[in-house]
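Visitor: I'm new to looking at protein models. Could you walk me through this one, feature by feature?

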Amino acid sequence: MGSFITYFYKILVEDAPDEWDYQPTGGGTEEGLTFHFFWINDQQEVELVRGHGDYLDYIF
């Protein structure tokens, strides 16, 4: 079973879009991928895959 590392970042912004897309430029397995990002204001706002929201209590 592989392990993974989770990173959390705190950023302060004044003018940012509500949603945005990012297309990686690395090629290979990244070719054609599009990541969709958005902000949430409450941990109940979205349904996450089990385990992905385990640390949201620390930031909300």
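Visitor: Let's start with open space. How much space lies in the largest pocket?

Guide: Keep in mind that this is a predicted model. Its largest pocket holds about 1300 Å³ of space. The lining is made up of 25 residues, and those closest to the pocket's centre are F8, F38, I40, L56 and I59.

Visitor: How do the lining residues divide into nonpolar, polar and charged?

Guide: To read a lining, sort its residues by kind. Here you get 19 nonpolar, 4 polar and 2 charged residues.

Visitor: And which strand gives the most to that lining?

Guide: That's β2, which spans residues 35-38 and supplies 3 of the lining residues.

Visitor: How many helices and strands does the protein chain have?

Guide: You'll find 2 strands and 0 helices.

Visitor: What does the radius of gyration say about the chain's overall form?

Guide: The idea is to compare the chain with a compact globule. For 60 residues, such a globule would come out near 10 Å, but this chain has 14 Å. You can also look at the box filled by the C-alpha atoms: along the principal axes, that box is roughly 40 × 35 × 20 Å.

Visitor: How much of the chain counts as buried?

Guide: A residue is called buried when its relative accessible area is under 20%. In this chain, 3% of the 60 residues count as buried. As for the surface, about 6300 Å² is accessible, and carbon and sulfur atoms account for 52% of that.

Visitor: What about contacts between residues far apart in sequence: what share do pairs 24 or more positions apart account for?

Guide: Take the contacts with a separation of 6 or more. Residues 24 or more positions apart make up 5% of them.

Visitor: Let's zoom in on one residue. Why does D18 count as exposed?

Guide: The cut-off for exposed is over 50%. D18 counts as exposed because its relative accessibility is 64%. You'll find D18 in the segment before β1 (19-22).

Visitor: Which residues does D18 touch, beyond those up to four places away in sequence?

Guide: D18 touches F37, F38 and W39. Take W39: D18 and W39 sit 21 residues apart in sequence, yet their C-alpha atoms are 6.3 Å apart in space.

Visitor: Can we do one more? Where does L48 lie?

Guide: L48 is in the segment after β2. Its relative accessibility is 42%, so L48 counts as partly exposed. Setting aside neighbours within four places in sequence, L48 is in contact with G53 and L56. You've met L56 already, as one of the residues closest to the centre of the largest pocket.

How values were computed
Residues are numbered from 1 along each chain as its sequence is written. This is a predicted model: local features need pLDDT of at least 70, side-chain atom pairs count only at pLDDT 80 or more; totals for chains, interfaces and linings use all residues. Side-chain values use heavy atoms; hydrogens and water are left out. On a 1 Å grid over the protein atoms alone, a cavity is a set of points where a 1.4 Å probe fits but cannot get out, and a pocket is an open set with protein on both sides within 12 Å along at least five of seven lines; lining residues have an atom within 4 Å of a point. Grid points are joined across faces, edges and corners, and a volume is the space filled by probe spheres set on the points. Helices (H or I, at least four residues) and strands (E, at least two) are DSSP runs, numbered from the N terminus. Ala, Val, Leu, Ile, Met, Phe, Trp, Tyr, Cys and Pro count as nonpolar, Asp, Glu, Lys and Arg as charged, and the others, Gly among them, as polar. The radius of gyration is taken over C-alpha atoms; the globule rule is 2.2 Å times the number of residues to the power 0.38. Buried means under 20% relative accessible area, exposed over 50%, partly exposed in between (1.4 Å probe, protein chains only). Contact means heavy atoms within 4.5 Å. Accessible areas come from the Shrake-Rupley method with a 1.4 Å probe; for residues, only the protein chains shown count as cover.
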